[in-house]
Amino acid sequence: MDNPIQTDVLIIGAGPVGLFAVFELGLLNLNCHVIDILDKPGGQCAQLYPEKPIYDIPAYPVITGQDLTENLLKQVKPFSPVLHYEQLASKIEKKDDGNWLVETDKGLIFDVKAVVIAAGGGSFEPKKPNIPDLDKYSKSISYSIDKVDRFKDKDIVILGGGDSALDWTLQLYDTAKSLTLVHRRDKFRGAPATVEKVMNLRENGKIQFHVGQVNEIIGNNGKLSAVKCLKSDETINLPCDILMPFFGLTMSLGPLDKWGIDLSDERVVVNTETFETNIPGIYAVGDINIYPGKLKLILSGFHETALMAHAVFKRVNPDERLTLQYTTTSSSLQKKLLSQ
Ligand SMILES: Cc1cc2nc3c(=O)[nH]c(=O)nc-3n(C[C@H](O)[C@H](O)[C@H](O)COP(=O)(O)OP(=O)(O)OC[C@H]3O[C@@H](n4cnc5c(N)ncnc54)[C@H](O)[C@@H]3O)c2cc1C
């Protein structure tokens, strides 16, 4: 492998937890490069629910996925991380000096003292419904929402009965020209408060709801105009400019599962004192890891990064004593944080 990029730590995944890992490592003077397969930072928050409100980030009564991402980018700025997008971590090799060489699918090579896997559920892809010719209409089909404005004055059909389908129904019904929710049964799997709000919209005629399955799409030159919905006793046409199927996500670890790391249920097993994997020098934080009591929440991932950073520091600087410093009282930390 030629001309590797040398730095202290390579973080795989620029989701919220990977970004906060930059901050915690930066506080301990550890420099980071970050890679992500996607073309932008923010992981699930930016990709799947950028405009949706999150209510359980400490000290933010409410913040959208996009704003959380932007705030994290601001917060890590003093540490000047280098972010590389559209790079899939594919190969890893241990060097004789104890460092790791990590290679991406596009040929970038990193020579680092530690690797932090913050890859969420791995590379995630929405599950597609089994409808003929779906791919021909890809521009009229949406599995996430980047800009709510795109849905203005459109006939929207949302498929599914889980949280995502219901949440997007609540988010879009007053922007859309019409919104129809289609689910195969009259029971929903969403949070009770959300189900109640959707039921109210249905009762007040703000949305249409059908028990059934969409089995055909109608349109021209890749542009949707309607979908056919098969109900128990009839098939009806529903006007549709944008079809939004929410049938969950398939997550795939991709090349990471060939790195010899202990996995359980497709997630990386870690020691909860250090967030190190079974391979010394490789750590895992955020949704990608698993341990007893793990909760796949952003705040759990944030907590994990602080413990991981202390463990990485000790590995990289075995002879240095590490004492916990508060950002409120440490003048050296403040100098660093205020440097930009
Ligand atoms: C609809 C929805 C609503 C949610 N609401 C909340 C909520 O209200 N509160 C809450 O706490 N949590 C919520 N979550 C969960 C939250 O989004 C996750 O816990 C959080 O995103 C995990 O962050 P992460 O950084 O670990 O992983 P992710 O956000 O998944 O980011 C991982 C990143 O790693 C990249 N990646 C993966 N594999 C590789 C590879 N091999 N090479 C390079 N890059 C790679 C991915 O492209 C991705 O960008 C919600 C999730 C969803 C889907």
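I will go through the overall build of this chain, then one residue in a helix, and then one small sheet.

Please keep in mind throughout that this is a predicted model. The protein chain has 340 residues, of which 37% count as buried, and its secondary structure comes to seven helices and 21 strands. Taken along the principal axes, the C-alpha atoms fill a box of roughly 75 × 45 × 35 Å. If we consider the contacts with a sequence separation of 6 or more, 62% of them are accounted for by residues 24 or more positions apart.

Let me turn to F20, which sits in helix α1, residues 16-27. Is F20 buried or exposed? F20 counts as buried, because it has 24 C-beta neighbours inside 10 Å, and the cut-off for that label is 20 or more. Leaving aside residues up to four places away in sequence, F20 touches L72, F302 and T305. As for L72, it is 52 residues from F20 in sequence, yet the two C-alpha atoms are 6.6 Å apart in space.

The last part is an open sheet of three strands, in the order β13-β14-β15, with antiparallel pairing. The strands at the edges are β13 (213-220) and β15 (235-239), and each has a single partner strand, so one side of each is left without a neighbour in the sheet. From one strand to the next, the twist averages 30°. In general, strands of a sheet pair through backbone hydrogen bonds, either parallel or antiparallel. Here, β13 pairs with β14, residues 223-230, in the antiparallel sense over seven bridges, and V214 stands opposite C229 in β14.

Technical notes: Residues numbered from 1 in each chain as written. Predicted model: local features only at pLDDT ≥ 70, side-chain atom pairs only at ≥ 80, totals over all residues. Helix = DSSP H or I, 4+ residues; strand = E, 2+ residues; numbered from the N terminus. Buried ≥ 20, exposed ≤ 12 C-beta atoms within 10 Å, placed from the backbone. Contact = placed C-beta atoms within 7 Å. Pairing = 2+ DSSP bridges. Axes fitted to C-alpha atoms, helices over the stretch in contact; angles between N-to-C directions.
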